[in-house]
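Please open the model in your viewer and keep the selection panel at hand. The tour below moves from one residue to the next, and at each stop it says what to select and what is there.

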Amino acid sequence: MAAVVAATTSVLADENTRLANTTVSRIVEARGELDDPAVLKECCARLQKINGMLKARVAEADAEACHEAMKGGLTGIGCDDKRLVATLCTRTKAALARTAAAYREKYDKDLAKEVKGETSSDYGRMMAYAMSAPDRVCRHDDAPEVYVADVIDKACKGLGCDEEALIEVCCTRTPEQLLAGKACWEGRNDASLFDYVTKELGHEYRHLNILLLKILKGERPWDEAVDDARAAQHVEKLHKECAKGMMQDFKEDKVVNWLAGCPPAEAALCADLYEKAHGKSLKSALEAKCGKKFALGLSALLVAPGVTPEEFVAMRLEKAMKGFGTNEAILVRLLGGLDHASRPSMPAVVAAYERKYGRTLKEALKSEISGDFLRASLAWISALEDPSQAFEATTACDVEACDDLEALLDALVVENASVNQMMASIDAQEVYNCCHGFGTSDGKLIALLASRSKPHLQAVAAAYYDQRDKPMVGRIREETSGWYKLLLTYLVASPEEADVRQLDAAMDGLGADGVALVEFLVGNSQARVRAAKAKWEGRHDASLVDRVASELHGANETLALQLLKGERDELGEADEAEAEALADKLAAGAAGWGTDEQAFIEVLAKNSPETNYAVRTAYENKHGKSLESLIESEMSGNLAKCLGALLLPPADYYAKRLKDAFRGLGTSDAVVCRVLGGHDKADVREIAAAYERKYGTPLKDDLKAECSGNYKRLAQAWVTMPDALADPDEPVEIPPDEPDEPEAHPPPPEPPTPPPSDEPTAAEVMRAERSLDTLEKIAGRLPLKPRAPRGDDWVPNQGRPNEEPPPPSFVSGERCPETTEADDDVEPAAPPEAKEIPRGPFSGQPVGGGAPPDPEKAAATRAAIAALDRSLGPAPGATRLPRPA
């Protein structure tokens, strides 16, 4: 238990980073094992604070969205009904109350009245009932009593009286809610509710008035225990009254006292006993003796089989949709008034309707209504089925005064998931707004996506698909281009999807990109390697092991296959004696003629990182040189890089990869996109910290110097911006737009990197071709390439310096990163991984090999070319260009 407490304390101490996803996930993982009351209380307080900030942010965003939907546009005329439905009808009643409060604070207006006035449709009236915002007289947070007052006003105002609406509200609300609603109505109107209802019902409905006033007085014992003996007595009395003849006096007031004076469960028992004793239903017996409206009110007391009258509401909903036409007013009133706190609740009514009529309520609504009202109703039902709404009162309690902290923590975890889903829905709508219309709001898009974690972006993508029935990544790729598009694609993709893209880019075309495979196999956890392997094989219906084996050979193949197994011990602790023995094994493998590469693979690819670090230290102490230098002297190419990477922490390795991408003329932007976009914000922050620790320069500064345009802004924002949902109080700032700075377009994809070569660059060879004999006399032993073919025989990395390469498909069959998807309904294909192009140390031109030339040989080459230039002068018709420094 001490370890659990210590781990939890460590999580809670991470206040500086405030990574909500990490904090919440670790709290969830430790839930049920937190026996220390202090730690449990701190977990509840932390999660309550995070949820509170998220709920406030949702309310502010919804308030702004509602205002833009009703008042937006160039003229401010009209209403964006679809956006308003998506904003209001997908929220719980508690969320709507917070939105109404935020709207009042920001715009000093009543959101319910604004919605009702702007929409002039059934869904607007339904949401006005749902919000029922408190007015100046009656101020409450949840305000179910305001709904009661609103229904009474609506039922009694104007010509005539809607008796059925009064019956519905009186028979489906608790005595406490009715008393509060009575006080709210009387505070609004400065009058007596009893006098008002009596006047509106009149003499014709005097018996119904007796029933409603008894219920409004709170005399109905809602939660009282059932008395079987009393129920049997009431049954006999009811039968005696219903058996009276035409000329006998039927005592309506006594019937009211018998049925309304007992709890709902006892009234239901009376109905059951009456049917068994007398062979007919109590409902039909009462309908034969009472008026239609009075009988409806009495029936409302009998239909509930338990303590809630959900079957009565289900019956009313069915009646509104039955026959010719649909009574939208009943649907508006009932759907707008239901929530988790009402009696009955929305989930109970939905279950009762399906149980009674054999179809879901959503299916029934789809057959009867259409348009915005249908969309709003379906979204509203789904929102009120959210289980977190039932915990709203629980999660708002004082942690210090809470008696059951474990139950509170469970409720907070459920609420956190619900609020995050609301935030994902808001973000999905905002992504659409950024991409919709003329042009793309790149600044808003960057600010949104770069301030979210990758797990949340997955939820945003799912919400976007639910809203638009199209993939979000497809729409983003349509609206962007270049490296900006590629980095966005990696950001919004899941880790498995990003890994599949990396594997495809590494293995498609001519040969395999060993560097990209190194990144995938070495820099990721074994669990992620296994997940990516399963994802790749499911997509391609092929074995990844077979594909890698066909692309690699020799020791590279052995190492890759070993890492692909996902069996590396990642958590094993180091043992000094074992580390010394392994260091001796590596030294023995490098001794003598040749190198035992298998020994290096067995030691470094199977042991834990901690063991490898210990082996490196042991080797240095015993042999007086680094293990990295031993690997570089004994091996070369991708094998040396991969084994060297196994000696570094993942963050240090990726920092090194980024630094290598920035070296030389030009930037390996594909590496930048792959490293930054393939990792979540917490991992990227570790990489940035390692980068600054190793090279003394903040990563954001080098990104600013090496990248350009929106691509630069997005890369900097992803590295520097915090997760806004982890700490909503921290301001969101993105790098400013620089419109005068053009964005660098990605070069066409190059073929995979061939084995290392010591040959000079293609540009130097072309210059030397002018006088091969003279160059050989000056440079001596320099090997030269044959003259590059011309015209249709163009070969990559061997063409003329100013010659344009052919299209990417001609070189490697890959798609250029600028390519957009024509059909948004289809998941866009992965953009190609542009291969890292090695650059010459002084010419800046692509070289054939992956390793830089020897410094002494490069110096000799420069001297030779300079002497040749002085002796020969420029070629006829040529323009001398300055040589890069």
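Begin by selecting Asn612, which is found in helix 36, the run of residues 609–623, in what is a predicted model. With a relative accessible area of 0%, Asn612 is buried, and if you leave aside its neighbours within four places in sequence, the residues in contact with it are Arg568, Val603, Leu604, Asn607, Leu646 and Leu647. Of these contacts, Leu646 is worth displaying with its C-alpha atom, which is separated from that of Asn612 by 7.4 Å although the two residues are 34 apart along the chain.

Now zoom out and colour the whole chain by secondary structure, where 47 helices and zero strands are found. Of the 885 residues in the protein, buried ones make up 50%. If a surface is drawn, about 40000 Å² is exposed, and carbon and sulfur atoms supply 51% of that area. Among contacts between residues at least 6 apart in sequence, 72% join residues that are at least 24 apart.

Next, select Lys93, which lies in helix 5, residues 93–107, and which counts as buried at 13% relative accessibility. Beyond its neighbours within four places in sequence, Lys93 is in contact with Tyr129, Ala130, Gly336, Gly337, Leu338, Asp339, Trp380, Leu384 and Gln389. To follow one long step in sequence, show the C-alpha atoms of Lys93 and His340, which are separated by 8.5 Å while the residues stand 247 apart along the chain.

A second lysine to select is Lys681, in helix 41, which covers residues 681–695. Which side chain of opposite charge is nearest to Lys681, and how far away is it? That side chain belongs to Asp680, at 6.9 Å, and Lys681 is buried yet has no salt bridge. The salt-bridge cut-off is 4 Å between a side-chain nitrogen of Lys or Arg and a carboxyl oxygen of Asp or Glu. A polar atom of the Lys681 side chain does, however, lie 2.7 Å from the backbone oxygen of Ala450. Not counting residues up to four places away in sequence, Lys681 touches Ala450, Arg452, Ser453, Ala717, Trp718, Met721, Pro722 and Asp723.

The tour turns now to charged pairs, of which the count comes to 37 salt bridges. Select Arg125 and Asp122 together, and you will find their side chains meeting in a salt bridge with an N to O distance of 2.6 Å. Both residues lie in helix 7, residues 122–131, and they are three residues apart, about one turn of the helix. Arg125 counts as partly exposed, at 32% relative accessibility.

Then select Glu311 and Arg355, which form a salt bridge whose closest N and O atoms are 3.7 Å apart. This pair links distant parts of the chain, with Glu311 in helix 18 (residues 310–321) and Arg355 in helix 20 (residues 346–357), 44 residues apart. Are the two partners buried or exposed? Glu311 counts as buried at 16% relative accessibility, whereas Arg355 is exposed, with a relative accessible area of 52%.

Another pair to display is Asp702 and Lys659, whose side chains meet in a salt bridge at 3.7 Å, N to O. Here too the pair links distant parts of the chain, since Asp702 is in helix 42 (residues 699–706) and Lys659 in helix 39 (residues 650–662), 43 residues apart. Asp702 counts as buried, at 15% relative accessibility. For a larger group, select Asp162, Glu164, Glu168, Lys293, Arg316 and Arg333, which salt bridges that share partners join into one network.

Finish with the cysteines, where the count comes to zero disulfides. Why does Cys397 have no such bond to Cys402? The sulfur of Cys402 is the closest cysteine sulfur to that of Cys397, but at 4.3 Å it is too far for a bond, the cut-off being 2.5 Å. Cys397 is partly exposed, with a relative accessible area of 27%. Then select Cys673, whose sulfur is 7.8 Å from the closest cysteine sulfur, in Cys707, and therefore also too far for a bond. Cys673 counts as buried, at 0% relative accessibility.

How values were computed: Residues are numbered from 1 along each chain as its sequence is written. This is a predicted model: local features need pLDDT of at least 70, side-chain atom pairs count only at pLDDT 80 or more; totals for chains, interfaces and linings use all residues. Side-chain values use heavy atoms; hydrogens and water are left out. Buried means under 20% relative accessible area, exposed over 50%, partly exposed in between (1.4 Å probe, protein chains only). Helices (H or I, at least four residues) and strands (E, at least two) are DSSP runs, numbered from the N terminus. Lys and Arg count as positive and Asp and Glu as negative; His and the chain ends are not counted. A polar contact is a pair of N or O atoms within 3.5 Å; within protein, one must be able to donate a hydrogen and the other to accept it, and residues adjacent in sequence count only if both atoms are side-chain atoms. Contact means heavy atoms within 4.5 Å. Accessible areas come from the Shrake-Rupley method with a 1.4 Å probe; for residues, only the protein chains shown count as cover.
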